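Hello,

Here is the structure I promised to hand over. Please open it first, then read my notes below.

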Amino acid sequence: MKIVVLDGHTLNPGDLDWAALQALGECTIHDRSAPAEVISRVADADVVLTNKCPLPGPVLRQLPRLRYIGVLATGHNVVDGATAASLGITVTNVPAYGTRSVAQHVLALILEMTNHVGMHAQSVRAGKWSRSPDFCYWDRPLVELATLTLGIVGYGRIGRAVADLARAFGMEVLATSRRPAPDLELVGLDELFRRADVVSLHCALTPETAGLVNSTRLARMSPTSLLVNTGRGQLIVEADLAAALNAGRIGGAALDVLSVEPPPADHPLLTAKNCLITPHVAWASRAARSRLLATVVENLAGFQAGRPQNVVN
């Protein structure tokens with residue numbers, strides 16, 4: 001069985017071992033693949049593994065040998081699953097591997113927006129403390145999380161993990177969810193944006209959720225409210241968010257995802273006021289990536305044994 005990894009670098013830049021995958025067949029691993037390179041690289045492959053390298057219908061129809069696609073992530077919209085199913089190609093993903101790492105990153109973003117640790121540390125290195133007439137200073141208000149309300153949009157695995165961490169800081173938690181959640185108050189989206197001091201996005205990207213954070217919902221937030229997104233960039237109308245930040249209509253935003261990644265140099269949020277952006281790293285702790293790779297191997301081994309798991313098409 002010939003296995004081709006199209007874009008393995010982000011999963012394993014060199015600190016993990018591909019041996020378990022290589023034991024399952026003849027394995028070719030590419031750090032990155034441009035769209036124009038995909039067909040030539042996988043033309044005779046039985047198995048293709050991809051993270052963000054797209055496999056649309058027209059490409060799949062040119063790959064008669066292909067029988068299995070393993071997505072090296074939870075989100076699988078990079079693959080045309082319906083076309084794959086019509087061609088007899090099984091598509092799998094990796095759910096739940098990064099729950100704790102993403103939840104930890106959410107709290108890191110919230111703490112940076114409320115304690116401004118990085119900003120103050122940089123000011124010290126720039127000499128400001130050495131020049132200070134006082135024993136301490138703060139350049140932005142320091143906000144205590146206890147008694148603030150966290151609103152979670154999408155109360156799945158990650159949303160629940162974030163809620164647990166938030167409660168440890170004394171925050172009140174409310175959420176939107178399609179499923180019952182007996183451990184907290186469920187409200188509608190508009191009420192959540194109105195009541196929450198911090199809004200954190202954890203819902204799946206669907207036609208219904210695309211652009212759910214827009215000028216109308218941002219207008220429901222208070223001038224001190226904060227927005228966090230570690231879900232998908234397309235959940236936010238980014239021009240609307242940039243306008244709200246620059247006008248001071250909300251207190252700040254912290255984003256680990258954008259609609260285009262990497263973003264163009266003129267992306268409006270790169271220069272927006274009170275906007276923190278990290279480069280889609282919430283998932284990328286070594287522990288999380290190790291779990292991801294182990295499940296990728298388990299998914300493929302299960303398929304080879306006739307017991308496919310985590311099938312998404």
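Which residue in strand 3 is the bridge partner of valine 4? That partner is valine 48. Bear in mind that this is a predicted model.

Strand 3 and its neighbours

Strand 1 covers residues 2–5 and runs parallel to strand 3, with three bridges joining them. Strand 3 is also joined to strand 4, residues 68–71. That pairing is parallel too, and it has four bridges. Here valine 48 stands opposite isoleucine 69 of strand 4.

Where do the side chains of strand 3 point? Strand 3 spans residues 47–50. Val47 and Leu49 point one way, while Val48 and Thr50 point the other way. All four are buried. In a regular strand, side chains alternate between the two sheet faces.

The seven-stranded sheet

There is an open sheet of seven strands, paired in parallel. Its order is 8-7-6-9-10-11-12. Strand 8 (185–186) and strand 12 (275–277) are the edges, each pairing on one side only.

Look at strand 10 (residues 226–229) and strand 11 (residues 252–255). Four bridges join these two in the parallel sense. Leucine 227 has alanine 253 in strand 11 as its bridge partner.

Helices across the strands

Helix 5, residues 99–115, lies across strand 6 (149–153), strand 9 (198–201), strand 10, strand 11 and strand 12. Helix 5 runs at about 150° to strand 10. Helix 11, residues 238–246, lies across strand 10, strand 11 and strand 12. Its angle to strand 11 is about 140°.

Best wishes

Definitions and conventions:
Residues are numbered from 1 along each chain as its sequence is written. This is a predicted model: local features need pLDDT of at least 70, side-chain atom pairs count only at pLDDT 80 or more; totals for chains, interfaces and linings use all residues. Side-chain values use heavy atoms; hydrogens and water are left out. Buried means under 20% relative accessible area, exposed over 50%, partly exposed in between (1.4 Å probe, protein chains only). Two strands pair if DSSP finds at least two bridges between them. Contact means heavy atoms within 4.5 Å. Axes are lines fitted to C-alpha atoms, for helices over the stretch in contact, and angles run from 0 to 180 degrees between N-to-C directions.
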